[in-house]
Amino acid sequence: MMLTPLAQMLEQSESVEVELSLIDAFPEHPFRVQADEDMERLIGSIQESGVMVPVILRRKKDGRYQTVAGHRRCFACRQLFMERIPAVIKELSDEEAVLWMVESNVQRTGILPGEKAKAYRMKMDALAKQGRRTDLMMEENASRQTVGRWQKETAEKVGMDSGDSGRKVQRYLRLNHLHPGLLEKVDEKKMPFLSGVELSYLRAEQQEEVFRYLTEHPCSVAVAQAKRLRELGEDSRFSQSLIAQVLQKKTEEKGKLRKNPEKEPFSEYFPSHYSREKRRSIMEALLKKWKKGEIQL
């Protein structure tokens, strides 16, 4: 079985016991560490079998350590009042540390869109700094097309490492421009991912207007509605009334459909109190008799 670079690092390195009191979190760590059911299972596993996979740390200038991979394991061990944790200590640059940190987390299940958006942004920035592309990013006279091509190629590389297409990575990156309240709705699945992407193109004050409207009039925002709001973002008259026109239109259409549901086939031939199942069984029985020739039409 082919090992990932992270797995190779762990296999080829010796682990040591490090005091948890000397370990700090990664700065601006994009992935939430929560006391949820998954954490309870991890705590139970560590309590029963110990830490099976060492965490990855790097040594800081002040003699302490920074977590590169294993934030959840560190949290679980602290919940169990453990004093030490097995760790692999690596000498990594800031950029290398970001790349290892993202890789160790981004393929986990249950990653929120907002978490992945921030992680991809950090990885893109790290790759840009690590590459020192003087012919592209560092040159003042680099063309927009050249820089754009580099960004597209980098997004494809980031996606290849984590199972997302370059286009999907670019959509995730757009969420970093989304109002925090709207991003929370995407994370909580109260708004479609693509709706969040479309709304991220609105100016900050326009996004604030959308968020304020949704706070006062809770509703979902369909992708088509988000696209329409993005189009209206070019209008200097963008306001609560315009937002209402877009978001209420579909709600009203749904209401009309509920008030005028499609008529059940052949419903006029049955008493109104007959259920759908009873009507269907009668129809099936009659069709069987017709097929056998017991009924003539």
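The legends below describe close-up views of a predicted model.

**View 1. The five-stranded sheet.** In this predicted model, five strands make up an open sheet whose order is E1-E5-E3-E4-E2, and their pairing is mixed. The edges are formed by strand E1 (16–19) and strand E2 (23–24), each of which pairs on one side only. Strands of a sheet pair through backbone hydrogen bonds, either parallel or antiparallel.

**View 2. The pairing of E3 with E5.** Strand E3, which covers residues 55–59, pairs with strand E5, covering residues 84–89, in the parallel sense and over three bridges. Within this part of the sheet, Val55 has Ala87 in E5 as its bridge partner.

**View 3. Helices lying across the sheet.** Helix H3 lies across E2, E3, E4 (65–69) and E5, and runs at about 120 degrees to E4. Helix H4, made of residues 94–106, lies across E3 and E4, and its direction makes an angle of about 45 degrees with E4.

**View 4. The packing of H2 against H3.** Helix H2 (residues 37–49) packs with helix H3 (residues 71–79) at an angle of about 65 degrees, and the axes of these two helices are 9 Å apart. The two helices are therefore roughly perpendicular to each other, and their crossing is right-handed.

**View 5. The residues between H2 and H3.** From H2, the residues Asp38, Met39, Leu42, Ile43 and Ile46 meet Arg72, Arg73, Phe75, Ala76, Cys77 and Gln79 of H3. Sorted by character, the residues of this contact comprise seven nonpolar, one polar and three charged.

Conventions: Residues are numbered from 1 along each chain as its sequence is written. This is a predicted model: local features need pLDDT of at least 70, side-chain atom pairs count only at pLDDT 80 or more; totals for chains, interfaces and linings use all residues. Side-chain values use heavy atoms; hydrogens and water are left out. Axes are lines fitted to C-alpha atoms, for helices over the stretch in contact, and angles run from 0 to 180 degrees between N-to-C directions. Helices (H or I, at least four residues) and strands (E, at least two) are DSSP runs, numbered from the N terminus. Angles under 35 degrees count as roughly parallel, over 145 as roughly antiparallel, 65 to 115 as roughly perpendicular and the rest as oblique. A crossing is left-handed if the near helix is turned anticlockwise from the far one by less than a right angle, and right-handed if clockwise. Contact means heavy atoms within 4.5 Å. Ala, Val, Leu, Ile, Met, Phe, Trp, Tyr, Cys and Pro count as nonpolar, Asp, Glu, Lys and Arg as charged, and the others, Gly among them, as polar. Two strands pair if DSSP finds at least two bridges between them.
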